[in-house]
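Let's take a look at one helix and at the aromatic side chains in this protein. Have the sequence and the model open as you read.

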Amino acid sequence: MWVAPLKFLIKEDKVIILAASDMIIRWVKKNYEDIIREAFSDKLDSDITLQYGVGTEDEYSAPISVEKKSKKNTARGGKSRDIIKDFIKESAIETSNLNHDFTFSNFVEGKSNQFALAACAQVAQHPGTSHNPLFIYGNTGLGKTHLMHAVGNSIREKYPDARLIYQHCDSFIEDIVRSFRNNTHSDLRHFYKTLDALLIDDIQLLAGKDTTQEVFFHTFNTLLDGGHQVILTCDRYPKELEMMEDRLKSRFASGLIVNIEPPELEHRMAILLQKAENWGLNLPQETAFFIAQTVKASVRELEGALKQVNAMANFKGLPLSVAVAQSALGSLVEIQSRQITLPNIQKVVTTYYSLKANDLTGKSRAANIAKPRQLAMFISRTLTKHSLPEIGRAFERDHSTVMHACRKIEDDLKTDYVLQRDYETIKATLTH
């Protein structure tokens, strides 16, 4: 993984090792230099000096050892560094764009994010070799961006010279548009090629933008082929991305895909208590429990609710009690009571079709049960923000079954007028 991509040049008694990035050079030098030197010395039957460079045989012109890197230019020196400097100046990018407040130490772990956290920690320890690309998906406000920044901050701590960029997808698109407008497309491609790691948030925003997808596809391949780390976040599973090129969706799925789900009650309480501690608030357990029961959708909404309760407490000059929380979140409690949930959808569908409570989760494939089950899955997909895996678990099915059900109902609704009537009636019951 580390050695196979290396290239080398032999000049007299010098062997120049060429790698795709400074980070790879540092790792190879630290772990394999003696073995490489011995191998070349045996093969050439003479003592040799090892030097290092970044680039390919064609690009490389001035060999330089790693220790002296700060005093001389590598293959990406001179004009290349000017291009990078000018590009950063003209684009939306400023240094790494990392939020230093987002770290692993202040990320609250729970069952809903445990796997995603473990994957990110492993990538931070071994960038470019563990889980590349890393694709993190889930609904808004669940901590995807926090984890992405935590990986970036950890990489920068371990490799201070690593060239790493975080970008929201909107900024990436703006840079593509700007490069075409200013005829600097080749400079932009060169800039991204020099990165050790690229972190892009909300990649679903590329959907429908054919030219930008084309540029991103080639940038993506260049980085991955060179052993550079790529991390992406998205609001849905790769195969669910409509108006996204199949080759991109395939590449997204070529690494590791991890999901972050809404936090369970205990996790929500832990998040609230952690936030309260960070903000210097005295939040009693029972108040945290009430807020956690009331706000279930996302970490971001939990933070907003806690701020709202604290503001009410400050206004009334009272401690953060359950009574204050009830007063501050009264309208939210009312909305939550009418919220469209997966259990509520299942209840309405079974009542409408006169089915038993467990028919939708059972194994029966009878038409009078299978069709309502598919309709319930379709309604769950269209009226909630739950992902396919989440809906699948509610119906004791896998995500591919949910996907098939949604497509089947969507097609049938075009010609089946009875199904149209049922769908509209059930949807009206849920939304009014």
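What follows covers a helix and its surroundings, then the aromatic pairs. Keep in mind that this is a predicted model.

Start with helix 7, residues 210-225. With 16 residues at 1.5 Å a residue, helix 7 should span 22 Å, and its end C-alpha atoms do sit 22 Å apart, so the two agree. Which residues of helix 7 are buried? They are Thr212, Gln213, Val215, Phe216, Phe217, Thr219, Phe220, Asn221, Leu223 and Leu224. The cover over those buried residues includes helix 5 (169-181), helix 6 (185-193), strand 6 (197-201), strand 7 (229-234) and helix 8 (246-252). After helix 7 comes Gly227, with a positive phi near 80°.

Phe217 has a charged partner too: Arg247 lies over the face of its ring, 4.0 Å from the ring centre.

Now for the rings. Searching the whole structure turns up 11 aromatic pairs. Here are two of them, both edge-to-face:

| Pair | Centre to centre | Angle between planes |
|---|---|---|
| Tyr137 and Tyr237 | 5.5 Å | 75° |
| Phe191 and Tyr192 | 5.2 Å | 75° |

Tyr137 and Tyr237 link distant parts of the chain, 100 residues apart: Tyr137 is in strand 4 (residues 134-137), while Tyr237 is in the loop between strand 7 and helix 8. Both tyrosines are buried.

Phe191 counts as buried because its relative accessibility is 1%, and Tyr192 counts as buried because its relative accessibility is 1%. Phe191 and Tyr192 also belong to one aromatic cluster, along with Phe135, Phe172, Phe216, Phe220 and Phe252.

How values were computed: Residues are numbered from 1 along each chain as its sequence is written. This is a predicted model: local features need pLDDT of at least 70, side-chain atom pairs count only at pLDDT 80 or more; totals for chains, interfaces and linings use all residues. Side-chain values use heavy atoms; hydrogens and water are left out. Helices (H or I, at least four residues) and strands (E, at least two) are DSSP runs, numbered from the N terminus. The expected span of a helix is 1.5 Å times one less than its number of residues. Buried means under 20% relative accessible area, exposed over 50%, partly exposed in between (1.4 Å probe, protein chains only). Contact means heavy atoms within 4.5 Å. Rings of Phe, Tyr and Trp (its six-membered ring) pair if their centres lie within 6.5 Å; planes under 30 degrees apart count as stacked, over 60 as edge-to-face and the rest as tilted. A charge sits over a ring if NZ of Lys or CZ of Arg is within 6 Å of the ring centre and within 35 degrees of the ring normal.
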